[in-house]
Amino acid sequence: MQKVYSPYFDPDFENIRERIYGPTCRVSIDNESMEDCTVIKVDSVNKPGLLLEVVKVLTDMNLSISKSYISSDGGWFMDVFHVKDEHGNKIGDQRVINYIQQAIDTTRETLSSSSPSSPKAKAKEYTNSTLLSSEHYNEHTAIEMTGTDRPGLFSEISAALADLHCNIVEAHAWIHNTRLACVAYISDQRTNTPIKDLSRLSTIEDHLTMVLRAKPTSGYRRATAPNQQEVKASDLQGGEGTMTNVERRLHQLMLSVRDFDEPASESSSSPMMLMGLGPDRNGQNLRISIEEWNEKGYSIVNIKCKDRRRLMFDTVCTLTDMQYVIFHASAFSRGGYAYQEYFIRHVDGCALSTEGEKERLMKCLEAAIERRVCEGFRLELCADNRIGLLSDITRVLRENGLAVVRADVETQGEKAVNKFYLKDISGNEVDMEFVERIKREMGPVKLAVQTETGHGSPEKPNTPFSSLGGFLKTRIERLSHNFVTI
C-alpha cells in the first residue's frame, strides 16, 4: 500500500507573530484607578489613521475626553484616555465597555483594507442609549452640497428637493464664514427607495446647483467664487456606521471651499497674527501657536480654547485630513478650557518648513474648532413625519427672519426629529413668539428651545498659555521606547 506524505504545520505557527511581539492590539478599560473618570488604554501596532479611528469610537459613544496622552512613534501606538459619559460620570454600562473594546480592535483590523482619507459617511449614530439598536438606514441616496451661504438658503434647498419629489431621510448642514456644507440622504418620495436612475440624479444635481448659484438678494454680498457652488451624488452609504463619518465629511467639504478664509470685510478689520491667534469672534479665547523642535524634527502645535464635547475629534480630524501625522500628543481640560499639544510631521516626514504653511494650518484648525460653535439658540422639533415637512418648517423659520447656522435632521420611525441652530438675520433679539406661529402653521409639534452662546467666562488678564512641551520633550524617549505593555 502506497504511503501518502503531507507537510506538517505547527498549529501554533499562525500565532507566532503574536507570541514573539505580543498581541497586536490590547484595550484596557479601568474603572478603579480614578474616582471621577474611566481610564482607557490602547496598546497596538500602529497604522496610518489609527488615532483618528480610536477618537471616533470614543466620540460616537458621546464620551468626553478630559485628559489624554498619545504616542505613536517607532511603529507602536500607545494611548491613554480619561473619559466620562454624557452625564459626567464613569462608564457604568458593561455593554458600552464591551462595545468600545470590540470597536477599537475591529477598527485596527479594517484600517489596512480601507483608505483613511476617504471615509464613507454613515447615517447611523451610536450613543449609550442606542448601542444595541438594530435599526438600519439603508434606503437612501447621499447628496453632497457646498456653496456660499445666504439668508434662507437651507430653506430653498429643502423646498427644491420637495419639488423634485425627494424625501429627505436625514440631513446635516454646517455654515461657517458664509460657506455652506451639507450632506443629505434622500429617497424617492413615492416608493421610499434609493434613487439610482442616473438621469434623475443628474436633474437633481443641476436643479440644486441652480439654487446654490442663484443671485443673492440686494445688500448681501458673495464672499466666494461661483465655482465653489457644487452638488454631487455621493457614494457615501448609510446604515452601518457612525455620525463621526458624516461629520468628518462635513469638515472635508468645508475645507474644500476654504471656510478658513474670512470674508474680506472681516479679515481686513481683524488681521491674524502669524504665530498666535487671539480671542476669536465667538468668544472662545482661542489661541493657537506653532513652534519647532529641530532636535527631533517635530512641529509642535499648541491649542487653547473653551472646552466642549467632540473637540479632540475636530482637531485630530483636521490634522489627519491635511496630511499631517501625529507622533505624540497630550491634552487636558481645566477651568472650562481645553489645552492640546500635538507633535506632528507632514506625511513626507518633514516638519512645517514655511511661515505660510504654519499660518494655513492655524487658520484651518481655528475654522475646525469654530464650526460647531453657534450663537443664538437651538430649536429641537419633533413631529409626525410627512412629505414636505422639512420644507414647511424651514419656510416658517425664514419668514420669521431666522437664519439656520447648523442643522441636524433625521427620521426615527414615523417621527421627524429636527435640531436647528438659529440666529436672527438682522442681528436683533429673537422674537420668541415664532414658536406659536410654528405651532399654528405646522399643527401639533413638540418644541424645545435653548439659548446657545459661544462666550465663556472672561479670561483673567495675563494668564500664561502654559505649554506641555517641557513635559513631553523630557519624556519622548520613554513614551516611544519604554512603555509597559497593557
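**Exercise 1.** In this predicted model, work out how helix α6 (residues 243–256) lies against helix α8 (residues 311–321), and which residues make the contact.

*Solution.*
1. Start with the axes: those of α6 and α8 come within 10 Å and cross at roughly 55 degrees.
2. Now put a word to that angle. Roughly parallel needs an angle under 35 degrees, and roughly perpendicular covers 65 to 115, so α6 is oblique to α8.
3. Next, the handedness: α6 passes α8 in a right-handed crossing.
4. Then list who touches whom. On α6 you'll find T244, E247, R248, H251 and Q252, and on α8 they meet F313, D314, C317, T320 and D321.
5. Finally, sort these residues by class: the contact of α6 with α8 has 2 nonpolar, 4 polar and 4 charged residues.

**Exercise 2.** Now do the same for helix α4 (residues 153–163) and helix α10 (residues 389–399): what is the angle between their axes, and which residues make the contact?

*Solution.*
1. Axes again: α4 and α10 come within 8 Å, with a crossing angle of roughly 150 degrees.
2. Angles over 145 count as roughly antiparallel, so that's the label for α4 relative to α10.
3. As for handedness, α4 and α10 make a left-handed crossing.
4. From α4, the contact uses F154, S155, E156, S158, A159 and A162, while α10 brings in L390, S391, T394, R395 and R398.
5. Sorting the residues of the α4 and α10 contact gives 4 nonpolar, 4 polar and 3 charged.

Methods: Residues are numbered from 1 along each chain as its sequence is written. This is a predicted model: local features need pLDDT of at least 70, side-chain atom pairs count only at pLDDT 80 or more; totals for chains, interfaces and linings use all residues. Side-chain values use heavy atoms; hydrogens and water are left out. Axes are lines fitted to C-alpha atoms, for helices over the stretch in contact, and angles run from 0 to 180 degrees between N-to-C directions. Helices (H or I, at least four residues) and strands (E, at least two) are DSSP runs, numbered from the N terminus. A crossing is left-handed if the near helix is turned anticlockwise from the far one by less than a right angle, and right-handed if clockwise. Contact means heavy atoms within 4.5 Å. Ala, Val, Leu, Ile, Met, Phe, Trp, Tyr, Cys and Pro count as nonpolar, Asp, Glu, Lys and Arg as charged, and the others, Gly among them, as polar.
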